[in-house]
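Thanks for making the time this morning. I would like to walk you through one model, beginning with the whole chain and then moving to particular residues.

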Amino acid sequence: AAEGGGVGQAADAIELGRSALAKIRQNLGWALAYNLVGIPVAAGILLPEYGVSLNPAAAGAMMALSSVAVVTNSLLLKVPSRSQRSFWGGLGGVFSDNEKKRG
């Protein structure tokens, strides 16, 4: 069990959870918008009117870029504060390993 500051650590964990959930919602919004535009274009909706079609290589590249955008956006999640690092490190999390490597 973590020593002292249990209420503060619980509050930090709740804040981290809320931030992660907000980031998940943001990623879901971007993916929805991308698919609302990308799928009809890939299906050829622009072909009859404008003569524009999307070849499979371009569609694959766009999907890869979409995945990179989601991962990059996820990496923008705030780095936990010192109290959060000690909380997660006390639970055997990844932060304890990173702290050992630095110090």
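What follows is a short tour of the fold, the surface, and two of the helices.

Please keep in mind throughout that this is a predicted model, and that the values I quote were computed from it. On the overall architecture, the protein has five helices and zero strands, so reading from the N terminus the order of elements is simply α-α-α-α-α. Of the 103 residues in the protein, 16% are buried, and the accessible surface amounts to about 7,700 Å², with carbon and sulfur atoms accounting for 67% of that area. As for the contacts, if we take those between residues at least 6 apart in sequence, 67% of them join residues that are at least 24 apart.

Let me turn to helix α1, which covers residues 6–43. How does the distance between its end C-alpha atoms agree with what its 38 residues should span? At 1.5 Å a residue we should expect 56 Å, and the end C-alpha atoms of α1 lie 54 Å apart, which agrees. That agreement should be read together with a kink in α1 of about 25°, which is centred on N35. Just after the helix, G44 adopts a positive phi of about 100°.

Which residues of α1 are buried? They are Q9, D12, L16, K23, N27 and G38, a list that holds charged and polar names as well as L16. For G38, the relative accessible area is 13%, and because buried means under 20%, this glycine falls in that class. G38 also has a partner to point out on the screen, since its C-alpha is 8.5 Å from that of M62, although the two residues are 24 apart in sequence.

The contrasting case within α1 is L36, whose relative accessibility of 58% makes it count as exposed, the cut-off being over 50%. L36 joins L32 and V37 in making a nonpolar surface patch of about 320 Å².

Finally, I would like to look at helix α3, which runs over residues 56–75 and contains V70. Is V70 buried, partly exposed or exposed? With a relative accessible area of 26%, V70 is partly exposed, because that value lies between the 20% and 50% limits. The C-alpha atom of V70 is separated by 9.6 Å from that of K23, with their positions 47 residues apart along the chain, and K23 is, as I said, among the buried residues of α1.

How values were computed
Residues are numbered from 1 along each chain as its sequence is written. This is a predicted model: local features need pLDDT of at least 70, side-chain atom pairs count only at pLDDT 80 or more; totals for chains, interfaces and linings use all residues. Side-chain values use heavy atoms; hydrogens and water are left out. Helices (H or I, at least four residues) and strands (E, at least two) are DSSP runs, numbered from the N terminus. Buried means under 20% relative accessible area, exposed over 50%, partly exposed in between (1.4 Å probe, protein chains only). Contact means heavy atoms within 4.5 Å. Accessible areas come from the Shrake-Rupley method with a 1.4 Å probe; for residues, only the protein chains shown count as cover. Patches are made of residues with over 30% relative accessible area and no salt bridge: like charges are joined within 9 Å, nonpolar side chains (Val, Leu, Ile, Met, Phe, Trp, Tyr) within 5 Å. A salt bridge is a side-chain nitrogen of Lys or Arg within 4 Å of a carboxyl oxygen of Asp or Glu. The expected span of a helix is 1.5 Å times one less than its number of residues. The bend at a residue is the angle between axes fitted to the seven residues ending there and the seven starting there.
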